[in-house]
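Me: Please take a close look at the aromatic rings here. I would like to know how they pair and cluster, and about the charges placed over them.

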Amino acid sequence: STLAMSGPAVLWFRNDLRLRDSDTVAVATQRVAAGGTIVPLFVFDTRWFGPGAVDEFGAARTGKHRARFILEAVEDLRRGLLKLGAELVVSCGRPEGVVSAVCTAVGAKEVICQAEACYEEKAIEQAVQKACGRVGAALTLVWGGTLHHIDDLPKGAGVGEHRGAFTPWRTKVESKGQPVRPEHPAPRKGGLPAPEQWSAAVAAAAALAPPGSLVSATGLPTLEWLAHEGAEVDPKLADRGFMEFKGGETAAIERLNGWMFERDMLRVYKSTRNGMLGADYSSKFSAWLACGCLSPRTVYWSCQRYEKERVSNKSTYWLVFEMLWRDYFRFQAARLQGKLFLPEGEGLVTQDWVDDGQGFQAWAHGRTGWPLVDANMRELRATGFMSNRGRQNVASFLALDLRIDWRRGASVFEEFLLDYDPASNWGNWAAAAGLTGGRVNRFNITKQARDYDSQGEYVKHWCPELNDVPVHFVHEPWKMPPHVQKAAQCEIGKHYPEPVKTRFKPPEGGRQGPGKYAPPRDDSKGKGRGKSDA
């Protein structure tokens with residue numbers, strides 16, 4: 001009713017930590033126009049943060065890198081709201097408890113939040129809806145986080161309508177879909193006024209936070225508490241990253257403008273995007289997109305402006321193409337729900353996984369003896385970032401060469417990646433494991449290393465034991481004769497591990513076309529299925 005909408009409403013931020021082009025903020029602004037007031041709220045969900053937040057494999061749900069990034073993003077959102085004359089209530093706990101308690105404290109009859117796509121996030125929405133219902137508040141779910149709005153997908157490309165590969169879906173969206181919607185403007189100063197019972201909302205949220213989680217001076221949790229379960233970072237590698245990823249909308253817009261316009265890197269993106277060494281070979285927008293500091297539409301409309309002002313070429317198209325991959329995984333996750341996380345995925349292919357704890361630990365810690373795999377895994381653990389090229393290779397190696405349960409790899413990525421989002425991560429891993437029913441893309445690690453790191457600069461950066469290994473041995477150091485190993489101060493089995501053995505065999509049922517089995521091939525031309533790094 002109009003009466004309900006004109007009272008206080010809770011604006012519950014989830015993976016949409018921004019004010020510019022926010023669908024949820026736009027709805028909140030409409031409520032204010034009807035005479036309402038707004039309580040902005042963020043909850044660090046104890047399913048994902050804090051002591052005990054581990055998955056079935058014992059990995060932290062959120063490691064140190066992403067916990068820091070999200071904490072910075074929440075601080076930046078709070079600063080952005082302060083500039084508007086608004087505040088952000090922050091708490092830790094289960095959102096269903098905190099959100100409903102805040103509703104009770106201020107007499108809110110509505111909670112506005114972004115609708116998510118994945119199974120666990122949907123279950124949390126239902127729990128919040130039930131808890132709020134008990135205190136007389138309705139949950140308004142607002143779609144966001146994709147380039148193409150869910151209501152704008154053409155016939156045959158909607159959730160549940162498309163079950164196949166990316167390309168047919170993309171073709172439908174590009175040819176028959178609605179145009180990308182315009183951006184919402186950021187709210188104006190005074191645009192999100194608080195209710196009089198503001199301090200009651202803060203007190204109610206804080207009362208439910210676990211003891212020791214919130215610092216009273218800031219009202220925010222500490223990084224130590226958030227990433228309590230996260231693995232330590234190797235201090236020898238900690239400062240080897242190429243760029244600082246800082247959480248928040250401010251840093252996101254700086255990266256967008258700096259990379260696209262100031263340094264003009266979009267012009268050559270298609271030819272540089274398979275790089276692995278450096279800050280600007282790819283956009284690196286993915287971490288900000290994942291927690292919603294940056295809207296895909298903002299990237300799209302910046303691309304359009306770039307094309308008008310600078311140049312329109314394959315590179316400008318390719319950046320938008322990568323964001324379509326993000327959309328595809330999001331809409332597939334909405335269709336698959338819990339099936340996305342099963343060992344057999346959707347059940348299109350059967351595969352026996354090998355229980356090899358030693359092989360898994362070697363992979364996870366970058367000690368397989370295969371330099372390209374090791375360098376990428378060490379970069380991930382040290383920085384929270386890995387290139388798209390690296391992700392394709394390490395995933396192929398774990399799932400297809402070692403034949404270890406792909407979900408264990410997805411779980412490691414979930415702990416360490418700055419840009420983790422469940423749809424892209426688990427969707428990419430299922431594809432890499434050959435579970436999506438198409439061609440099995442097994443990567444030839446040595447060939448990939450020679451193609452994309454011909455001089456061994458990348459592997460030497462992250463595996464300094466290989467520093468003095470001659471270039472022609474750097475990707476296969478086990479082939480060095482003993483005297484060369486001695487001269488390079490890299491004795492295999494002593495300074496650098498023996499290579500783990502591959503046990504590849506094609507999964508049963510992987511097919512291409514009616515009735516024809518497509519043999520595994522090296523996908524060295526960069527047609528990898530997954531696109532994690534826009």
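Reply: The rings are taken below as pairs, then as a cluster, then with charges.

The model is predicted, so local features need pLDDT of at least 70 and side-chain atom pairs count only at pLDDT 80 or more, while totals for chains, interfaces and linings use all residues. Residues are numbered from 1 along each chain as its sequence is written, and side-chain values use heavy atoms, without hydrogens and water.

The count comes to 30 aromatic pairs (Phe, Tyr or six-membered Trp rings with centres within 6.5 Å; stacked under 30 degrees between planes, edge-to-face over 60, the rest tilted). One of these is formed by Trp363 and Phe413, a stacked pair with 6.5 Å from centre to centre and 15° between the planes. Trp363 belongs to helix 14 (residues 357–364) and Phe413 to helix 17 (residues 406–416), so this contact ties together parts that are 50 residues apart in sequence. Helices here are DSSP runs of H or I, at least four residues long, numbered from the N terminus. Both Trp363 and Phe413 are buried (under 20% relative accessible area, 1.4 Å probe, protein chains only).

Elsewhere, one aromatic cluster is made up of Trp143, Phe166, Trp169, Tyr317, Trp318, Phe321, Trp325, Tyr328, Phe329 and Phe331. Trp318, a member of that cluster, also has a charge over its ring: the charged end of Lys270 sits 4.4 Å from the ring centre. The rule for such a contact is NZ of Lys or CZ of Arg within 6 Å of the ring centre and within 35 degrees of the ring normal. Phe261 has Arg305 over its face, with 4.0 Å to the ring centre.

Technical notes: Helices (H or I, at least four residues) and strands (E, at least two) are DSSP runs, numbered from the N terminus. Buried means under 20% relative accessible area, exposed over 50%, partly exposed in between (1.4 Å probe, protein chains only).
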